[in-house]
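Biologist: I have a model open and want to learn how to read it. Can we go feature by feature?

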Amino acid sequence: MKAWRLNSPNLIELADMDSQPVGEGCVKIKLRYSAVSATDLLLYDGKVPFEGPLVLGRQGVGMVTEVGDGVKTVVRGDIVAIRPFSACGGCLACKKGKFADCENKIIHGYTEDGFLCDFAVVRAEDVYKLPERIDKKSALFLEHIDIAISVINQLELERGEHIVINGATYLGLTIAQLALSCQAVPIVVDVDPVRLAVAERYVYYALDYTKVDVRKKILMITGGRMSETVVHLHSSAMPINQALALAGKRGRVAVAGWEYTADLSGIDGKYLLNNQLTMVGVNGSNNNFSAAINMLVNHTVQVDFDNLPEVTFAEVGKVFDGALRNENKYLYHRVVME
Ligand SMILES: [Zn+2]
């Protein structure tokens, strides 16, 4: 099998690896689509410690080519999406059915090999059969939808409420679409004209932080109350304190990110206390994959983003080369297998 393997920071190679046996309860997948995401680039940059060598890639969509003993959920030929984490099944959290909180969680493309490869062997319970009528490429965004569901749930977003989304990233636009489906009012803020132009396809309010007084504008939109909810994303346009200041009294704020991507060190505690804000953190996939697939099926969410870069499997190395020179402004790249 061929895989993009990170041997040490800044050293990635297309490696020829031994094919893995398909054990009991496991399936072999021939990958069709994968992605290069922020996690991969942070690992490559040496900003996140890891034990190498490591096959990169959190996302994987492909066809089942072999099934191990005892597998009843999928058959050869099924097109599936792979969940980026695997739970142990034995710990307290797993026994309660909270697999995303597993104490011994394996994360593909981080603690374990990922899916920037031609074939992968994974546990059958970590794959989700994709319905015929969804565009298989769109399944690369299941984790984004999964996280977006968690953000909306944690904020307890209600009909008619405003939700300021700080960052017109793919995750930001996914959250905006879920907010619309809850009949809330998303207000997306960014500095990047290309990202904002894409945002305008989805939302009525897409504000350029460098061109408008965002606080004043939101004061107007909300009739002077400021926003009931705010989401701060890791690659946001504004520093977190400026995002917090867009929340009204007793506002609810979600921070979605990872310890390596979200810098919360400068939070203005005084503002937080005086305004009695509630803050929640949302990190990684939370086992909402089935719900996320349904949202793609019924078009609650559309992820055919105009500015999504695409590369072939052979070109993956170039994405990382460019990252080193800071050329890849849009971190997320769709990877199409030849
Ligand atoms: Zn567990």
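Biologist: Start with pairing. Which residue in β4 is the bridge partner of L6?
Modeller: First the general idea. Strands of a sheet pair through backbone hydrogen bonds, either parallel or antiparallel. In this predicted model, L54 in β4 is the bridge partner of L6. Strand β1, residues 2-8, pairs with β4 over two bridges, in the antiparallel sense.

Biologist: In what order do the three strands of this open sheet lie?
Modeller: The order is β2-β1-β4, with antiparallel pairing. The edge strands are β2 (11-16) and β4 (54-55), and each of them pairs on one side only. For the wider inventory, the protein has ten helices and 18 strands.

Biologist: Now the interior. Which residues have the most contacts inside the largest nonpolar core?
Modeller: Again, the general idea first. In soluble globular proteins, nonpolar side chains tend to be buried together. Here the largest nonpolar core has 96 residues, and V151 and I175 have the most contacts inside it. Helix α3, residues 142-155, gives the most to this core: eight residues. Domain 1 (2-135 + 304-336) and domain 2 (144-282) both contribute residues, so the core lies between them.

Biologist: What does V151 touch, leaving out residues up to four places away in sequence?
Modeller: V151 touches I175, V231, A254, A256 and V282.

Biologist: How far apart are the C-alpha centres of domain 1 and domain 2?
Modeller: They lie 29 Å apart. The contact takes eight residues from domain 1 and seven residues from domain 2. On the domain 1 side, the residues that touch domain 2 are five nonpolar, one polar and two charged.

Biologist: Let's turn to overall shape. Why does the radius of gyration agree with a compact globule?
Modeller: Compare the value with the expected one. A compact globule of 338 residues would have a radius of gyration near 20 Å, and the protein has 20 Å, so the two agree. Along its principal axes, the C-alpha trace spans about 60 × 45 × 35 Å.

Biologist: What share of the residues counts as buried?
Modeller: Of the 338 residues, 43% count as buried. The cut-off is 20 or more other C-beta atoms within 10 Å of the residue's own.

Biologist: And what share of contacts joins residues at least 24 apart in sequence?
Modeller: Take the contacts between residues at least 6 apart in sequence. Of these, 70% join residues at least 24 apart.

Note on methods:
Residues are numbered from 1 along each chain as its sequence is written. This is a predicted model: local features need pLDDT of at least 70, side-chain atom pairs count only at pLDDT 80 or more; totals for chains, interfaces and linings use all residues. A nonpolar core is a set of buried Ala, Val, Leu, Ile, Met, Phe, Trp, Tyr and Cys residues joined through C-beta atoms within 7 Å. A residue is buried if 20 or more other C-beta atoms lie within 10 Å of its own, exposed if 12 or fewer, and partly exposed in between; C-beta atoms are placed from the backbone. Helices (H or I, at least four residues) and strands (E, at least two) are DSSP runs, numbered from the N terminus. Domain bounds come from an automatic or database domain assignment. Two residues are in contact if their C-beta atoms, placed from the backbone, lie within 7 Å. The radius of gyration is taken over C-alpha atoms; the globule rule is 2.2 Å times the number of residues to the power 0.38. Ala, Val, Leu, Ile, Met, Phe, Trp, Tyr, Cys and Pro count as nonpolar, Asp, Glu, Lys and Arg as charged, and the others, Gly among them, as polar. Two strands pair if DSSP finds at least two bridges between them.
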